[in-house]
Every structure is written in C-alpha cells, then in structure tokens.
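Trainee: I'd like a close look at one part of this model. Please start from a single residue and work outward from there.

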Amino acid sequence: MHIKDIFDSKKQVLSFEIFPPKQESGTDSVKAAVDELVKQPVDYISVTYGAGGSTSKKTADIAEYIQKRHGMTSLAHLSCITAGKDSIKEMLDDMQARGIENILALRGDMPKDGGPVMTDYRYASELVTDIKKHGGFCVGGACYPECHPDSPDIEKDVDNLKIKVDAGCDFLVTQMFFDNDKFYEFRDLAAKKGISVPITAGIMPLTQASQIKRMCILSGGASMPSKFTRMFAKYENNPEALKQAGIAYAVDQITELLSNDVDGIHIYTMNRPETAQKIVSAINSLF
Ligand code: FAD
C-alpha cells in the first residue's frame with residue numbers, strides 16, 4: 001500500500017523505524033524484532049539505509065520481509081550521495097521486483113572515512129525526481145524542525161524543503177526532537193511556505209545514558225528542554241529508572257503532539273520492540 005493512501009485514509013498515522021544488521025549474522029535478530037513490532041497497531045515500518053549504501057541489500061531484504069511475511073506496509077530508506085544514476089536505477093528496479101512500494105529518498109551524509117562521493121546527486125530532491133520518473137513508488141523525504149546542519153538558517157532550509165516537496169515528496173518525516181515547540185514552529189513555517197504534505201513527527205525514546213549522549217550528536221544537536229535535562233541528571237546512574245523516565249517522556253511528548261493534530265508519529269524503535277510496545281500501549285487509544 002502507498003503510504004500516501006494511509007495518510008489520506010487516517011487522521012493520524014503511527015509508524016516505526018528499524019535499522020538493518022551491520023553483519024549478515026544479525027538478520028535473524030532484526031527479523032525477530034519485526035515479528036514483535038508488527039503485533040502493535042502500527043501503520044507502516046521503515047528500514048534505514050546504511051551510510052554510503054553499506055546495507056542496501058539488507059534494507060531491501062528486511063523491507064520485503066515486513067511486507068511478504070506480515071502483509072505490513074514497509075518504507076525502504078535510500079540515500080544517493082555515494083550512488084550513481086545507474087546504480088539507483090538498478091536498486092529501484094530491484095525494489096519494484098520485490099514488491100516494495102514506498103521509499104524515503106535521502107541525500108545521506110558525507111562518508112566519514114573520506115570515501116567516494118558521486119556527483120550524480122547533490123540533493124535528495126534530485127533523487128525524488130528520479131524516483132518519480134521511474135514510476136510506481138510513493139516517496140517520502142526527511143525534514144528538520146531545528147534546521148539541517150548544512151543550512152545557514154531554518155528559513156533557507158525550509159525553502160530547500162519546498163523544492164524537495166515540489167519534486168514529488170508525498171509526505172515528510174522529521175528528525176528526532178525533544179521540544180515539541182520546535183516542531184510547532186517548524187510546522188507553521190512549512191505551511192507558510194506552501195508545504196502541505198503530511199509531516200510525521202520523529203520521536204526517539206531515550207532510555208540509556210550512552211544513547212542520550214550519542215543521539216544529541218547524531219541529531220545535529222537537538223534542543224533538550226530543561227524538564228528533559230533534569231530527568232537525565234536525576235536518573236543518569238540508575239538504568240532502570242532512566243529507562244522508565246525516558247519512556248514516560250516520549251509518551252508525554254506524543255500525547256501532546258496528538259492533541260495538537262500532528263499528522264503522524266514515527267517512533268525510532270532502535271530495534272527494541274519492548275520499548276515500542278510500552279509506548280504504544282500508553283497512547284494506543286489516542287489515535
Ligand atoms: P537534502 O534534502 O538534500 O538536504 C541536505 C542539505 O542540503 C540541507 O541543508 C538542505 O537545506 C540543503 N539543500 C537541499 N536542496 C538544496 C538546494 N537546491 N540548494 C541548496 N541547498 C539545498 N541517513 C542515512 O544515511 N540513512 C538513512 O536511512 C537515513 N534515514 C533518515 C531518516 C530521517 C527521518 C532523517 C531526518 C534523516 C535520515 N538520514 C539517513 C540522515 C540524512 O541522510 C542526513 O540528515 C543528510 O545530511 C541529509 O539528507 P536529506 O535527505 O535531508 O538531504
């Protein structure tokens with residue numbers, strides 16, 4: 001099913017994100033996580049794409065597994081910064097043959113090891129154009145409530161986002177954020193600039209001290225409201241309490257977003273079904 005049709009048929013959409021294994025041997029454990037996640041009332045599950053295309057086959061394998069084994073809609077991430085036009089065409093053909101119908105079109109980050117960057121694609125909008133030309137896919141794009149780190153300011157970033165949406169994005173998924181006000185400001189700005197596709201809010205349940213420190217870097221420095229930093233300071237050295245408090249924080253964030261008519265909630269599950277299950281059981285009747 002095209003995700004656009006899910007947004008058209010439901011007021012608020014729930015999705016999960018998982019990542020493929022780094023090693024081939026990890027595939028079974030990711031599939032086992034999928035087998036648990038699909039028991040939740042989730043509308044679709046997205047599968048990330050390793051930097052530089054390092055997981056391209058595994059991403060497609062798991063997206064195909066979600067659909068064929070469970071009849072659940074999947075969203076395969078695809079990045080273009082290290083890909084040429086020919087390899088993108090091959091991957092699109094392969095995904096189509098596997099029955100994958102939804103792609104999150106991404107630029108990707110510059111390889112950290114200084115590895116090769118192709119020049120066929122500079123921005124995700126160019127990948128969106130090619131996927132739409134290829135035909136058959138519903139296409140999503142990434143967006144950044146607190147501005148993408150390469151952009152000089154949020155105004156410019158949202159102008160660029162409009163180009164990507166006009167290229168054919170059917171919906172958007174946000175970078176994780178912990179301060180809902182940042183999301184509302186971004187949503188208002190996007191609407192002002194004429195972006196009218198659904199915007200799903202990316203929520204990362206932070207349940208481990210090491211994860212919190214790492215995620216702040218990965219998210220490009222998402223703002224941490226004082227109620228979050230106070231919680232972290234209090235429970236930092238108590239793993240069980242921190243886990244419970246992190247879940248409660250995510251539930252609070254989602255409850256407020258749903259009351260404020262967010263189009264969708266996208267939970268970064270980190271392949272942990274039990275955390276997703278706890279959150280969903282607390283918010284399930286709100287959808
Ligand atoms: P773009 O939309 O191309 O934007 C990148 C930068 O270029 C922005 O600053 C933008 O303002 C600017 N820009 C865009 N168009 C123009 C233009 N025409 N002129 C000038 N500037 C322009 N990475 C992965 O490797 N694998 C994943 O699976 C993955 N999943 C993600 C999922 C989500 C929901 C999000 C939010 C991010 C994900 N990322 C993933 C990270 C993403 O690849 C990086 O954030 C990357 O730096 C930007 O990708 P993008 O698609 O947003 O790029």
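Trainee: Where is the place of E256?

Mentor: This is a predicted model, so read every value as computed from predicted coordinates. E256 sits in helix α10. That helix spans residues 239–259. E256 is partly exposed, because its relative accessible area is 36%, and the partly exposed class lies between 20% and 50%.

Now look across from the helix. N180 is 76 residues away from E256 along the chain. Yet the C-alpha atoms of E256 and N180 are separated by 8.0 Å.

E256 and N180 also share a pocket. Both are on the lining of the second largest pocket. The rest of that lining is F178, D179, D181, P225, K227, Y249, D252 and Q253. The space in this pocket comes to about 150 Å³.

Which elements build the wall? Helix α10 gives the largest share, with four residues. Both α10 and α7, residues 180–192, supply at least two residues each. By class, five lining residues are charged, three are nonpolar and two are polar.

One more long-range pair belongs here. D179, another lining residue, has its C-alpha atom 9.6 Å from that of S226. Those two residues are 47 apart along the chain. S226 lies in helix α9, which covers residues 226–235. S226 counts as partly exposed because its relative accessibility is 46%.

Follow the chain on past α10. D261 is in the loop between α10 and β8, the strand at 264–268. Check its backbone. Phi of D261 is near 60°, a positive value in a residue that is not glycine. M270 gives a second case, with phi near 55°, again positive and again not glycine. M270 is in the loop between β8 and α11, residues 273–283. M270 counts as buried, because its relative accessibility is 19% and the limit for buried is under 20%.

Next, the ligand. It is surrounded by 24 residues. Y49, D109, Y144, D157 and K164 are the closest. Look at the polar atoms. A side-chain N or O atom of D157 is 2.5 Å from a ligand oxygen. For H148, a polar side-chain atom is 2.8 Å from an oxygen of the ligand. For N160, the distance from a polar side-chain atom to a ligand oxygen is 2.9 Å.

A polar contact within the protein is worth a look too. The side chains of H77 and S46 are joined by one of 3.0 Å. H77 is in strand β3, residues 73–79. It counts as buried because its relative accessible area is 5%.

Last, the cysteines. How many disulfides does the structure hold? It holds zero. C138 is in none, and its nearest cysteine sulfur, that of C169, is 9.5 Å away. C169 has a closer neighbour in C143, but the sulfurs are 9.2 Å apart, so they are too far for a bond. The cut-off is 2.5 Å between sulfur atoms. C138 is buried, because its relative accessible area is 1%. C169 is buried as well, because its value is 4%.

Back to your starting point. E256 is in α10, on the lining of the second largest pocket, with its C-alpha atom 8.0 Å from that of N180.

Terms used
Residues numbered from 1 in each chain as written. Predicted model: local features only at pLDDT ≥ 70, side-chain atom pairs only at ≥ 80, totals over all residues. Heavy atoms only, no water. 1 Å grid on protein atoms, 1.4 Å probe; cavity = no way out; pocket = protein on both sides within 12 Å on 5 of 7 lines; lining within 4 Å. Points joined across faces, edges and corners; volume = space filled by probe spheres on them. Nonpolar A, V, L, I, M, F, W, Y, C, P; charged D, E, K, R; others polar. Buried < 20%, exposed > 50% of the residue type's maximum accessible area, 1.4 Å probe, protein only. Near = heavy atom within 4 Å. Polar contact = N/O pair within 3.5 Å; in protein donor to acceptor, adjacent residues only side chain to side chain.
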